[in-house]
Amino acid sequence: MFENYKVYEIEYGGKKMTFETGKMCCLSNASVLVRWGETVVLVNVTASAKPREGIDFFPLSVDFEEKLYAVGKIPGSFIKRESRPSDKAILSSRLVDRPIRPLFPKDMRNDCSVVMTVMSVDPDCLPEIAGMVGTSFALSISDIPWNGPIAGINVGLVDGEIIVSPDAAQRAKSDLNLTVAANEDVICMIEAGANEVANDVMLDAIIKGHEEIKRMVAFIKNVQAEIGKPKFSFQSMEVPHELFDAIRDFAIDDVKAALDTDNKNVRDERLAPVVERIHEKFDDEEKTNAAVIDEAIYKLQKFIVRRWLLDEQKRVDGRKMDEIRPLAAEVGLLPRVHGSGMFTRGQTQVLTVATLGTISEAQKLDGIDDQEQKRYIHHYNFPSYSVGETRPSRGPGRREIGHGALAERALEPVIPPVEEFPYTIRLVSEVLSSNGSTSQGSICGSTLALMDAGVPIKRPVAGISCGLITEGDRWMTMVDIQGLEDFFGDMDFKVGGTEKGITAIQMDLKIVGLTYDIIREAFEKTYKARMYILNDIMLPVIPAPREELSKYAPKMKSIKIHPDKIREVIGSGGKVIQKICADCNVKIDINDDGDVFVAGTDSDGVRRALSIIETIVNDPEIGAIYKGRVTRLMNFGAFVELAPGKEGMVHISKLDMGRVEKVEDVVAVGDEVIVKVTDIDQQGRINLSRRDALIAMEAKKNAAKQ
């Protein structure tokens, strides 16, 4: 029945990967079912026969669809079906989009769609890698014009050893989570999170990953030669040379004058009348499609900016190629928040606000990987006013989610572990003004906000971007690219890190790929710039995390108890823990391992709650002093509850410093009193003394005065 059914097999990353085509989804331009270990991803690529009317860009959509049945889960939503994609799915879509997009013809306007459906997940075989390789395979054998193939691989660093395609256990202890995409010759995409990895180690990991990729690219090329379809022809939207030359001769001086400023608003104001004059002349005389003229104007601006950079070493703001725009850093801008920091680089400005919460406020995750929650969350907002536009806010898009994840990845290695700092941490980066590299500005602003909040980060982190212009064999890099250089350049190479090493990389390209020499130079330039930002701009403003948290932040303490004691702390129906929370005005979180986290706005209440919990799980010690509550009065004394279920008796003779005639003269039911444990008999009955506790407290005061 399936006469075109083919199966191809290769070992990739130490595991067998198979590609099945010709059996499923026969109406797509191409379809492939990728099996890698027990991970299964179905990839379909489709393209429209002709472009939509009036479209002036290449409409490519890339979707990574997570199906929770792939890991044996039922969705947790009310409707019990997958709805909007998770952040992880969006990041995986972007991961595949970036290396394949530059390989489509730049003059094609046909809609093109890539859909990767994750149907089964083996934790040792990452589905995003299977999806990326499957996409390259499908595009290569399809009739869609595409200048591939490429392939991608994950690389780790375990105990100093570079490991290609690490399994789940190795990834858990790896100091590097690097994804590389490449063709046979050059690197097409880099995305990494790292635990302060040195430049040379990072480059070695990229090179080692590339060696494995070359095998897969050669394999796909062989399959393409065997079953690949001829590529279809399409209506080219390339600007005719004669039209471009005519517009260049007519307007090049005016466009140069308009572009020659580092102020985006001024540049837009200057360009508007020039663009209008070009349309007036060439719409009337040549009867040309307005979209083609707009494309010619874009190409003219690109031609001018690239000639300035390559031939004249000129940047519109007068900087040198390795010079950073004017910088400023501030902290403590908002009085009621837990921490705030603002970082300004030229016209790019980002304000980050830090909020500290309880462990129970960690984000719950419902996805296809094994991460169920995270306590460090980074959100990035890019409002339209930041670029002087009037677009309404519709919530975060793929760009916002991607930039927030990049900043989160850059800072995660320096966040203290929960045992040292038992808080959930949320950072929100508000882009106030944008003229290039806001994601790196958010890394710097976030470091400032964390330190202002008193989070004891391991080391401060800074971020910077590096740009690229290429022409034939010629190339040059520049540090701290602004919007114009990003728009008309070939690369946005973002690197975040500390003085010790790299913590995050994201590389966006508009060309096929980079050589090792370009990557090496980008690492060197971004490291030098990072050190300047850290040592000369950020640390003089706040040299270390504040020693005390904001008075508005919750005060948090934690202890470790034996898991068998958890039920005693919680009590029947939660009565014990609820009573502690109410009496001490705190919030208590307990995990299955016996970690107890107590949070409250009042430090005394937090300490009191901890003392009660310790008393519940540990037998009271003779000689120890406790704060308890009077529960019953008798003629011979008062009963005091030290903790739920733990009660002792204070004899009337030990209620006060002097003689006590009646118990009611000293205490009443509900009073909080300080008592000392004087004896525990063989039956476990606890004898207490308020008098001994008062004597001990007075002695402590006198000692402190001396």
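Modeller: Ala, Val, Leu, Ile, Met, Phe, Trp, Tyr, Cys and Pro count as nonpolar, Asp, Glu, Lys and Arg as charged, and the others, Gly among them, as polar. By that split, the lining of the second largest cavity in this predicted model has 4 nonpolar, 3 polar and 2 charged residues.

Colleague: Which residues are counted there?

Modeller: Met 24, Val 32, Leu 33 and Leu 42 line it, and those types are nonpolar. Thr 21, Gly 22 and Ser 31 are also in the lining, and they fall under polar. Glu 20 and Lys 23 complete the list, both of charged types.

Colleague: What elements give two or more residues to that lining?

Modeller: Strands E2 (15-21) and E3 (30-36) do. E3 has the largest share, with 3 residues. The volume is about 50 Å³.

Colleague: And the largest cavity, why is it said to lie between two domains?

Modeller: Domain 4 (554-618) and domain 5 (620-705) both give residues to its lining, so it lies between them. Take Lys 579 and Arg 608 on one side, Arg 629 and Glu 641 on the other: all four line the cavity, and the domain bounds sort them that way. Helices H13 (575-584) and H14 (603-617) and strand E26 (637-643) each give two or more residues.

Colleague: How many of its lining residues are charged?

Modeller: There are 5 charged and 5 nonpolar residues, with no polar ones. Asp 583, for one, is in the lining, and Asp counts as charged.

Colleague: How many cavities of 30 Å³ or more are there?

Modeller: The structure holds 6. The largest, at about 70 Å³, clears that 30 Å³ cut-off.

Note on methods. Residues are numbered from 1 along each chain as its sequence is written. This is a predicted model: local features need pLDDT of at least 70, side-chain atom pairs count only at pLDDT 80 or more; totals for chains, interfaces and linings use all residues. Side-chain values use heavy atoms; hydrogens and water are left out. On a 1 Å grid over the protein atoms alone, a cavity is a set of points where a 1.4 Å probe fits but cannot get out, and a pocket is an open set with protein on both sides within 12 Å along at least five of seven lines; lining residues have an atom within 4 Å of a point. Grid points are joined across faces, edges and corners, and a volume is the space filled by probe spheres set on the points. Helices (H or I, at least four residues) and strands (E, at least two) are DSSP runs, numbered from the N terminus. Domain bounds come from an automatic or database domain assignment.
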